[in-house]
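Thanks for coming. I will go through one model this morning and keep it short.

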Amino acid sequence: MQVLLAEEFGFCFGVERAVEMVEGALTEGATVRTLGPLIHNTQEIERLEAEGVRTINQPVEIERGVTAVIRAHGVTPDVQRELESRADKVIDATCPFVTKVQKLAERAAAEGRDVVVVGNPDHPEMIGVRGYAPNNSHVVRDASEVANLPALHAPLVVSQTTIKLSTFLEAAEAVRAKADAEPQIVNTICSATRDRQDAARALAGQVDAFYIIGGRHSSNSIKLLAVCEEQCEKSFLIETPDEINATDLRGVSRVGVTAGASTPNWLIEQVVTRLREIGAAE
Ligand code: SF4
């Protein structure tokens with residue numbers, strides 16, 4: 001049985017960078033606390049916990065002498081300042097793609113312009129971005145919500161990094177009708193999710209079974225499963241190699257593997273090893 005990996009899989013740039021920054025702090029002997037879970041992967045969180053990393057929910061939970069980590073989603077400037085006042089050291093692991101959105105919002109707000117961000121208002125990334133333009137930013141999920149906005153002054157329109165392009169473009173178009181000047185539209189969508197889906201789609205038609213490694217509640221892993229199922233009936237979303245059922249692989253000659261953007265390489269390697277063992281035993 002051949003095991004084939006999709007061309008793009010696993011950690012995105014921002015998540016890999018955040019995990020590496022935490023590993024670097026641990027190597028230097030720091031006591032590390034992350035504000036919110038560093039990554040949406042239970043197994044990787046457990047591995048980091050075994051190395052002493054703990055998750056806190058509020059800056060007030062910071063103990064004396066610890067290193068606080070801002071995760072890839074970023075935080076508001078107020079939260080960052082609070083962390084800096086309480087922790088020994090703050091590691092800012094905000095993904096540079098998110099930092100770009102924050103800076104754009106901050107600049108537009110400083111110029112007295114309105115900021116429209118297309119995304120989920122409850123998502124931590126959006127809460128962080130709004131903090132950079134607290135008095136003149138609006139978060140809309142899609143074009144239909146633009147109708148509820150007040151008149152907008154020379155607006156900047158940006159996006160949450162993980163939304164669909166069509167949702168962003170439709171909302172940006174709707175903003176024009178509310179604006180007193182041509183809006184500045186900046187597409188700040190990150191390609192990581194789409195790249196993984198495109199690579200899975202390219203492979204799904206060539207294999208008899210497909211394993212998607214990722215959290216059962218991770219939206220990007222669930223979407224990867226749906227993409228694989230379009231062309232490969234035997235597609236399975238698993239969190240660990242223990243969930244592979246050898247009987248599902250009877251008569252399979254080619255099996256595909258991909259993983260969500262929060263799935264660490266060590267877990268992917270374990271799955272590939274298990275699949276090869278099953279293949280060798282057939
Ligand atoms: S999905 Fe994109 S924006 Fe989000 S952390 Fe990963 S690389 Fe950064």
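Which residue takes a positive phi just after helix 1? That is Gly-29, at about 90°. Keep in mind throughout that this is a predicted model.

Let me stay with helix 1. With 15 residues at 1.5 Å a residue, helix 1 should span 21 Å, and its end C-alpha atoms are indeed 21 Å apart, so the two agree. Its buried residues are Gly-14, Val-15, Ala-18, Val-19, Met-21 and Val-22. They lie on the same side of helix 1, because the arc they cover around the axis is only 155°. On the face turned away from that buried side we find the exposed residues Glu-20, Gly-24 and Thr-27. The cover over the buried residues includes strand 2, helix 2, strand 4, strand 5 and helix 4.

Now the ligand. There are 13 residues around the ligand, and those that come nearest are Cys-12, Gly-14, Cys-95, Thr-161 and Cys-190. Helix 1 gives the largest share of the shell, three residues, and helix 4, residues 96-110, supplies at least two. By type, the shell has ten nonpolar residues, three polar and no charged.

On to the domains. The chain is divided into domain 1, made of 2-10 and 193-281, domain 2, 13-94, and domain 3, 97-185. Domain 2 and domain 3 each give at least three residues to the shell around the ligand. The C-alpha centres of domain 2 and domain 3 are 28 Å apart. Ten residues of domain 2 are in contact with ten of domain 3. On the domain 2 side of that contact, three residues are nonpolar, six polar and one charged.

Note on methods: Residues numbered from 1 in each chain as written. Predicted model: local features only at pLDDT ≥ 70, side-chain atom pairs only at ≥ 80, totals over all residues. Near = placed C-beta within 6 Å. Helix = DSSP H or I, 4+ residues; strand = E, 2+ residues; numbered from the N terminus. Nonpolar A, V, L, I, M, F, W, Y, C, P; charged D, E, K, R; others polar. Domains from an automatic or database assignment. Contact = placed C-beta atoms within 7 Å. Expected span 1.5 Å × (residues − 1). Buried ≥ 20, exposed ≤ 12 C-beta atoms within 10 Å, placed from the backbone. Arc of directions from axis to C-beta.
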